[in-house]
Amino acid sequence: MSGAEIMVESPAEGVRLLRIHRPEARNALNMAVRRLLVKHIAACSADPGVRCVVLAGDEKAFAAGADIKEMAGAGTVEMMKRGVLDLWRATAASPKPMIAAVRGYALGGGCELAQLCDIIIAGESAKFGQPEIRIGIIPGGGGTQRLTQAIGKHKAMRYLLTGDPFSARDAEAMGLVSEVVADEEVEPHAVAIAARIAAMSPLAVQQIKDVVLRGMDMPLDAALTLETRALHLLFSTQDQKEGMAAFIEKREPVFSGK
Ligand code: CAA
C-alpha cells in the first residue's frame, strides 16, 4: 500500500486496486488526486504483471466529483492551465481493462470517472449523478457524451438538466452499470471479475478493449473491419494456439501473453 491520496493494493494475481483516499472530502477529485491517478494508471499500463485495474473509493463515496473548493475562485485561464482534459484522456487511454467498484456517491467527476471504466460494479446504496448544473456549470469529464452514449439522449438530458441523483438499480436498468450487488460485495466481486480477466490472454483482452472503444467512434462497417483485423492478428499468438488446444484436450488453458 502506498500514496497519500491514492492507495495502491494488490488484492489478487494480476489485479491492481487503486483506492481514492480523501475521506474528509468524500473523495473529491482535486488536482493532486487526478495527477496521482494518472501516474498510477500509467504505472499499471507499463507493468506486464498487471492485467486488470480496479478503481475504488470507500463506503461513503467512490468520488463526489471535482473539488468544488479548489475551483470555486478560478478564472478561465486558470481552468485552462489545469489541463484537466489531458488528465481525463490519459486516464481513459489505459490499454488495460478498468473496473469501477462504486460504493456511496459517484457524482460529477466521480460519475464520469466510473463512466470511463470498462465495467461498473455498484453497491445497492450507491448514488450516481451529474449535479454540475446545480452549481452553475456543466460536466467537464465526458458526462455530456459518455452518459448520453450509455443511457441515451432523453434519459441523459433528464439527469444532466436537473442534476438529480439516481440509484444503482436505476443506473443498471438504464445500462450505465454492469451489475448491482450488496454494498459489502462490491469490492470482492469487482476483484473476482478482475482476477478472471487477469487469467485470460492479455493480448486478446487488450484487443477487445481497443476494438470496442475505437469502434464506438467509427461507422459500423469500418468498426467491423477493425474487429476482423484484430481477430486475424490474434492467430499469430501462442495464446490462440494454447486456448484452442486446451479446449480440444479438455483442460484449462494457461495463457502466457505471447
Ligand atoms: N468538492 C469539495 N468538497 C466536497 C465535495 C466536492 N465535490 N463533496 C463533498 N465535499 C466535502 C464537503 O464540503 C464536506 O467538507 P466539510 O466537512 O469541510 O464541510 C465533506 O466533504 C463532507 O461532505 P458533506 O458534509 O456534504 O457530506 P454528506 O454525506 O452530507 O453529502 C454529498 C455528500 C452528497 C456528496 C455532498 O457533499 C455533495 O453534494 N457534494 C458535491 C457533489 C457535486 O456537486 N459534485 C460535482 C462537482 S463539479 C464536477 O465534478 C464537474 C467538473 O468536473 C467540472
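**A tour of the ligand shell and the first hairpin**

Begin by selecting the shell of residues around the ligand, which by class holds eleven nonpolar, four polar and five charged residues; bear in mind throughout that the model you are viewing is predicted. Next, narrow the selection to Ala 64, Ala 66, Ile 68, Lys 69 and Gly 109, which come nearest to the ligand among the 20 residues around it.

Now show the polar atoms and go through the contacts one at a time. At Lys 69, a polar side-chain atom sits 2.9 Å from an oxygen atom of the ligand, whereas at Ala 64 the partner is a backbone N or O atom, placed 3.0 Å from a nitrogen atom of the ligand. Select Glu 24 as well, where a polar backbone atom is 3.4 Å from a ligand oxygen atom. With these contacts displayed, turn on the ligand surface: taken alone the ligand exposes 990 Å², and the protein buries 64% of that.

Then colour by secondary structure and pick out α2 (68-71) and β6 (105-107), each of which supplies at least two residues of the shell around the ligand. Of the contributors, α2 gives the most, with three residues.

Finally, move to the strands β1 (residues 6-12) and β2 (residues 15-20), which pair in the antiparallel sense over five bridges. Selecting Ile 6 together with Ile 20 shows one such pairing, since Ile 20 in β2 is the bridge partner of Ile 6. The two strands β1 and β2 form a hairpin with two residues between them, and in the turn you can stop at Gly 14, whose phi is positive, at about 80°.

Note on methods:
Residues are numbered from 1 along each chain as its sequence is written. This is a predicted model: local features need pLDDT of at least 70, side-chain atom pairs count only at pLDDT 80 or more; totals for chains, interfaces and linings use all residues. Side-chain values use heavy atoms; hydrogens and water are left out. A residue is near a molecule or strand if one of its heavy atoms lies within 4 Å of it. A polar contact is a pair of N or O atoms within 3.5 Å; within protein, one must be able to donate a hydrogen and the other to accept it, and residues adjacent in sequence count only if both atoms are side-chain atoms. Accessible areas come from the Shrake-Rupley method with a 1.4 Å probe; for residues, only the protein chains shown count as cover. Helices (H or I, at least four residues) and strands (E, at least two) are DSSP runs, numbered from the N terminus. Ala, Val, Leu, Ile, Met, Phe, Trp, Tyr, Cys and Pro count as nonpolar, Asp, Glu, Lys and Arg as charged, and the others, Gly among them, as polar. Two strands pair if DSSP finds at least two bridges between them.
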